[in-house]
Amino acid sequence: ALEDAYEAGCVIVICTGRNRHMVEPVAAQWRGHGYAILANGGVIAEWGTGTVLDKVTLPGSTVPVASRLAHAAGFPLLCFGVHVDEDGGRQVYIDRRRPPLPEYAERHGHRLIYCDNLENGPDLAPVSIGVYGSHDATKLLADQWRDALSADAAVFHVPGNGAGIWCAFANARESGKAASAAKVARMLGIPREQCLAIGDHVNDIDLLTWAGLGVCMGDGHPEALACAGFVTGTFAEDGVAQALERF
């Protein structure tokens, strides 16, 4: 369906909470990449060259506060995109006082840069921060982050990679998928009304609301379903392909 959309003249833009390294195997399956919106809108990059065209980082003051709360909850804080201009987001800074989940260490151990204590330094301004763990524990931490960081950060609680794994993460409040999608649309000279966006969770709500047509997966989060202009099939039903073929 993506190939057909490309052949029909559509511009396909990856728009994800993940970084480039995590989505490259997915992106390799179709043609037509121009730009990528990464880290939940914190980064806009040229896909072919990896050149970062725009980024919005968290204030450095958020890291010690977030790290203190994460450490108290038993999590190591992960800091993403500290050197995204140079490494495309490959390096992830982590507080060594708590080990990462074994599944995360196995997949991403080669990317981890260990710091003795992120509460006391180094002075980092990441694109995003996050932790992985159980649903209840990450939700509690997400609520604590919202209370403590509300002036500077937008906090989300979403499913992570792997069965039963959830993620609490935060981006700068002024970043977001919708804001970055609007920038890319202006770069391409495409009106908002001619943009279709597909998502499934709370961090997609602003994007689905911004787009001329916001499409939510049939098994998406209730809040995302409520704001969508169209509800497509579920993940198992190839809902993305259904929407692309219809519109």
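**Close-up 1. Salt bridges in this predicted model.** Welcome to the structure, which holds 12 salt bridges. Please keep in mind that the model is predicted. The next views visit some of these pairs, and the last one turns to a nonpolar patch on the surface.

**Close-up 2. Arginine 96 meets aspartate 116.** Here a salt bridge joins arginine 96 and aspartate 116, and their closest N and O atoms are 2.8 Å apart. Arginine 96 sits in the loop between β6 (92-95) and α5 (102-108), while aspartate 116 belongs to the loop between β7 (112-115) and β8 (128-133), so this pair ties together parts that lie 20 residues apart in sequence. How accessible are the two partners? Arginine 96 is partly exposed, with a relative accessible area of 45%. Aspartate 116 has 56% relative accessibility and therefore counts as exposed, because the exposed class begins over 50%.

**Close-up 3. Lysine 139 and aspartate 143 within one helix.** This view stays inside helix α6 (residues 135-149), where aspartate 143 and lysine 139 are four residues apart, which means that about one helical turn separates them. The two form a salt bridge whose closest N and O atoms are 3.4 Å apart. Take a look at their surroundings, too: lysine 139 is partly exposed at 38% relative accessibility, and aspartate 143 is partly exposed at 29%.

**Close-up 4. Lysine 177 and aspartate 204, a buried pair.** Are these two charged partners buried or exposed? Both lysine 177 and aspartate 204 are buried. They form a salt bridge, with 2.5 Å between the closest N and O atoms. Lysine 177 lies in helix α7 (residues 177-188) and aspartate 204 in the loop between β11 (196-199) and α8 (205-210), so the bridge ties together parts that are 27 residues apart in sequence.

**Close-up 5. A salt-bridge network of Glu3, Glu7 and Arg31.** Which residues are joined into one network here? Glu3, Glu7 and Arg31 are, through salt bridges that share partners.

**Close-up 6. A nonpolar patch on the surface.** Val11, Leu53, Met187 and Leu188 together make a nonpolar surface patch of about 300 Å². One of its members, leucine 53, is found in strand β4 (residues 52-55). With 37% relative accessibility, leucine 53 counts as partly exposed. That value fits its place in the patch, because patch residues need over 30% relative accessible area.

Methods. Residues numbered from 1 in each chain as written. Predicted model: local features only at pLDDT ≥ 70, side-chain atom pairs only at ≥ 80, totals over all residues. Heavy atoms only, no water. Patch = residues over 30% accessible without salt bridge, like charges linked within 9 Å, V, L, I, M, F, W, Y side chains within 5 Å. Areas by Shrake-Rupley, 256 points an atom, 1.4 Å probe, with all protein chains shown as cover. Salt bridge = Lys/Arg side-chain N within 4 Å of Asp/Glu carboxyl O. Helix = DSSP H or I, 4+ residues; strand = E, 2+ residues; numbered from the N terminus. Buried < 20%, exposed > 50% of the residue type's maximum accessible area, 1.4 Å probe, protein only.
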